[in-house]
Number of protein chains: 2
Amino acid sequence: MIQKVVSPESLGLTLRAARKDKGLSQKAVGHAVGMEQHTISKIEKGNPGTGLGTLFRLLSALELELVVQPRRKPSGDDLGDVW
Amino acid sequence: MIQKVVSPESLGLTLRAARKDKGLSQKAVGHAVGMEQHTISKIEKGNPGTGLGTLFRLLSALELELVVQPRRKPSGDDLGDVW
DNA sequence: TAAAAATATATTCAATAGGGTATAAAATGA
DNA sequence: TCATTTTATACCCTATTGAATATATTTTTA
């Protein structure tokens with residue numbers, strides 16, 4: 001499961017999918033890294049104010065990593081959300 | 001140029017490298033997306049409080065995208081910084 | 001090495017995060 | 001359908017953002 005993200009919204013959706021993949025609740029992942037359930041909720045809903053520190057804590061809980069790479073030209077099978 | 005990032009610090013370093021690659025100043029990238037020079041500086045220095053909205057604006061200015069993927073086991077040539 | 005450009009740091013301010021806590025609303029299941 | 005679990009909201013609070021602006025420091029280059 002690899003997902004390109006270009007906005008807080010698409011990032012939120014990706015994180016939610018990853019969490020569900022692992023069968024975890026927001027409460028579970030949050031508490032695993034000392035965060036409140038409502039914080040996870042806001043992130044997944046695309047809150048643009050979410051801080052990087054908070055993001056990386058969540059990525060850690062979900063055993064995910066981030067890759068920064070040059071933006072490719074959108075190809076046919078991309079799902080939009082590109083700005 | 002593809003970079004794994006696992007913390008605000010490593011993200012900052014990656015963004016700085018990408019900016020230099022393009023021969024742009026902090027002022028230039030910042031103003032390209034309506035951000036102050038000092039904000040770019042803080043991001044590159046690894047400020048954990050930087051918001052996602054701010055991050056994505058910068059990524060846009062640098063024509064970069066983010067990929068979320070499962071964390072691989074660290075291999076020999078990784079530079080640490082893994083938590 | 002002097003000037004210019006780039007980057008880091010500082011201050012004030014309005015806005016908002018995230019913790020703590022509570023509850024409403026929605027989804028899941030027995 | 002009722003109870004349980006999960007997710008979304010809300011409030012208060014303290015801390016910190018990022019804009020605006022200014023200046024110090026560092027780096028580049030003529």
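# Exercises on a two-chain interface

Q69(A) stands opposite E65(B) in strand 2 of chain B, and the exercises below start from this strand pairing. The model is predicted, so to speak of local features a pLDDT of at least 70 is needed, and side-chain atom pairs count only at pLDDT 80 or more, while totals for chains, interfaces and linings use all residues. Residues are numbered from 1 along each chain as its sequence is written, chains are lettered from A and ligands numbered from 1 in the order in which they are written, and side-chain values use heavy atoms, with hydrogens and water left out.

## Exercise 1: The fold of chain A

Task: Set out the pattern of helices and strands that chain A follows along its sequence.

Solution: Begin with the elements of chain A, which are four helices and two strands (DSSP runs numbered from the N terminus, H or I of at least four residues for helices and E of at least two for strands). Then read along the sequence, where chain A follows the pattern β-α-α-α-α-β. Finally, consider the contacts (heavy atoms within 4.5 Å): among those in chain A with a separation of 6 or more, 55% are between residues 24 or more positions apart.

## Exercise 2: Strands across the two chains

Task: Find which strands of chain A are joined to strand 2 of chain B, and by how many bridges.

Solution: Take strand 2 (residues 64–70) of chain A, which pairs with strand 2 of chain B in the antiparallel sense over seven bridges (strands pair if DSSP finds at least two bridges between them). Within this pairing, E65(A) stands opposite Q69(B), and Q69(A) stands opposite E65(B). Next take strand 1 (residues 3–5) of chain A, which runs antiparallel to strand 2 of chain B and is joined to it by three bridges; here the bridge partner of Q3(A) is V68(B), and that of K4(A) is V67(B). To finish, look at strand 2 of chain A and strand 1 of chain B, which are antiparallel and joined by three bridges, with K4(B) as the bridge partner of V67(A).

## Exercise 3: Buried or exposed strands?

Task: Decide whether the residues of strand 2 in each chain are mostly buried or exposed.

Solution: In chain B, six of the seven residues of strand 2 (residues 64–70) are buried (buried means under 20% relative accessible area, exposed over 50% and partly exposed in between, with a 1.4 Å probe and protein chains only). In chain A, six of the seven residues of strand 2 are likewise buried, so this strand is largely enclosed by the rest of the structure. For the chain as a whole, 45% of the 83 residues of chain A count as buried.

## Exercise 4: The extent of the interface

Task: Describe how much area the two chains bury between them and which residues of chain B supply the most of its part.

Solution: First take the contacts, in which 32 residues of chain B meet 32 residues of chain A. The two chains bury about 3,200 Å² between them, 64% of it on carbon and sulfur atoms (the accessible area, 1.4 Å probe, that two parts lose on being put together, summed over both). Of the area that chain B buries against chain A, 26% is supplied by L52(B), E65(B) and V68(B), more than by any other three residues. Now count the salt bridges between the chains, of which there are two (a side-chain nitrogen of Lys or Arg within 4 Å of a carboxyl oxygen of Asp or Glu). The side chains of K4(A) and E65(B) meet in a salt bridge, at 3.4 Å from N to O. Strand 2 of chain B gives seven residues to the side that touches chain A, the largest share.

## Exercise 5: Two buried residues of helix 1

Task: State what P8(A) and R19(A) each touch, not counting residues up to four places away in sequence.

Solution: P8(A) lies in helix 1 (residues 8–21) of chain A and is buried, with a relative accessible area of 6%. P8(A) touches I43(A), G46(A), N47(A) and P48(A), and in chain B L52(B), G53(B) and F56(B). T50(A) is 42 residues away from P8(A) in sequence and 8.6 Å away in space, C-alpha to C-alpha. R19(A), found in helix 1 of chain A, is buried with a relative accessible area of 6%, and touches L24(A), S25(A), Q26(A), V29(A), E44(A) and L62(A).
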